[in-house]
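Welcome! Take a moment to turn the structure around and look at it from a few sides. Then let us walk through it together.

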Amino acid sequence: MATTELHEIEKEAQRVVRKAPNLDPPIQVEEIIKVSWPKVHIGAADLGDYHGALVTEGGRAAMYVSQKASTEHRNLILAHLTWHWVRHALRGQIDITRQCLVHVTRPEEPQAAPERDADVFAAELLVPLEVLEKYIDFLPEAQSENDKKIIAGRTVDLARRFAVPVEVMKARLTLFSARRRSFKPKGWTDKKPI
Ligand SMILES: [Zn+2]
């Protein structure tokens, strides 16, 4: 299975996030699922080494999150499972059962593509760039060592605010600065060289 185009994943994430009660971070994935698909059961379970699972139980779909997961990871796992749900289950695939590792390094093989897509979707859903922009009060591109220090600190703060792992926030900020090259935080004035 080929990797889905990024813009397609982004579009799907934007469609799903519209059901959020509000867009203030952290994005409430569980609320989105409850509102969008009220019949889907969400629970915690002992999944062994797996992080999340999508199953059908007596004709009803259920999402399970490892009981060992932290709040940040739980959010990410549910967002990841949501991708499988919208892409596979809602498109009539009969066998929706899958157990997932979420946000891990994956082998470069075609079988890993749906999992990679699900991770990308999760990041898109939890940290929409247009929401992220409102919380950026620094230039996301480091120029000096001091900039790097400031950015590292702010990345941790933002990760906490959006309830995602720091690595996810780092990747979102990198994408943000690539997309919004001309971005300047509010009230920012360029320091002109003398
Ligand atoms: Zn998965």
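## The nonpolar core

The largest nonpolar core holds 38 residues, and the members that touch the most others are Ala122, Leu125, Leu126 and Val164. Many elements share in building this core: α1 (6-17), α2 (29-36), β2, β3 (60-66), α3 (71-89), α4 (113-126), α6 (145-162) and α7 (166-179) each bring at least two residues. With 8 residues, α3 contributes the most to the core. Where does the core sit with respect to the domains? Domain 1 (6-126) and domain 2 (130-179) both give residues to the core, so it lies between them. Here is some background that may help: in soluble globular proteins, nonpolar side chains tend to be buried together.

Let us zoom in on one member of this core, leucine 125. Which residues does leucine 125 touch, leaving out those up to four places away in sequence? Its partners are Ala13, Val16, Val17, Ile27, Val29, Ala79 and Thr82.

## The model and its overall form

Keep in mind that this is a predicted model. The average pLDDT of the protein is 89, and 94% of the residues score at least 70. Confidence is highest in strand β1 (residues 41-45), at a mean of 96, and lowest in strand β2 (residues 52-57), at 90.

How many helices and strands can you find? The protein has 7 helices and 4 strands. Along the sequence they come in the pattern α-α-β-β-β-α-β-α-α-α-α. The radius of gyration is 18 Å, close to the 16 Å that the globule rule gives for 194 residues, so the protein is as compact as a globular protein of that length. The C-alpha atoms fill a box of roughly 70 × 35 × 30 Å along the principal axes.

Two more values describe the protein as a whole. Of the 194 residues, 28% are buried. Among contacts with a separation of 6 or more, 60% come from residues 24 or more positions apart.

## How the strands pair

Now follow the strands. β2 and β3 run antiparallel and are joined by 6 bridges. In this pairing, glycine 52 stands opposite valine 65 in β3, and glutamate 57 stands opposite arginine 60 in β3. The hairpin of β2 and β3 has 2 residues between the strands, and there glycine 58 takes a positive phi near 55°.

β2 also pairs with strand β4 (residues 98-100): these two run antiparallel, with 3 bridges. Leucine 54 has arginine 98 as its bridge partner in β4. Do β1 and β3 pair in the parallel or the antiparallel sense? β1 and β3 are parallel, and 5 bridges link them. Alanine 45, for instance, stands opposite serine 66 in β3.

## Two domains in contact

The domain assignment divides the protein into domain 1 (6-126) and domain 2 (130-179). Their C-alpha centres lie 24 Å apart. How many residues does each domain bring to the contact? Domain 1 brings 11 residues and domain 2 brings 9 residues.

On the side of domain 1 that touches domain 2, α3 and α4 each supply at least two residues. The largest share of that side comes from α3, with 5 residues. You have met α3 before: α3 also gives the most to the nonpolar core.

## A closer look at glutamate 115

To finish, find glutamate 115 in helix α4. Is glutamate 115 buried or exposed? A residue counts as buried if 20 or more other C-beta atoms lie within 10 Å of its own. Glutamate 115 has 20 other C-beta atoms within 10 Å, so it is buried.

Which residues surround glutamate 115, leaving aside those up to four places away in sequence? Glutamate 115 touches Cys100 and Arg106. You can also locate histidine 103, which is 12 residues away from glutamate 115 in sequence and 8.8 Å away in space, C-alpha to C-alpha.

Terms used
Residues are numbered from 1 along each chain as its sequence is written. This is a predicted model: local features need pLDDT of at least 70, side-chain atom pairs count only at pLDDT 80 or more; totals for chains, interfaces and linings use all residues. pLDDT is the predictor's confidence in each residue, from 0 to 100. The radius of gyration is taken over C-alpha atoms; the globule rule is 2.2 Å times the number of residues to the power 0.38. A residue is buried if 20 or more other C-beta atoms lie within 10 Å of its own, exposed if 12 or fewer, and partly exposed in between; C-beta atoms are placed from the backbone. Two residues are in contact if their C-beta atoms, placed from the backbone, lie within 7 Å. A nonpolar core is a set of buried Ala, Val, Leu, Ile, Met, Phe, Trp, Tyr and Cys residues joined through C-beta atoms within 7 Å. Domain bounds come from an automatic or database domain assignment. Two strands pair if DSSP finds at least two bridges between them.
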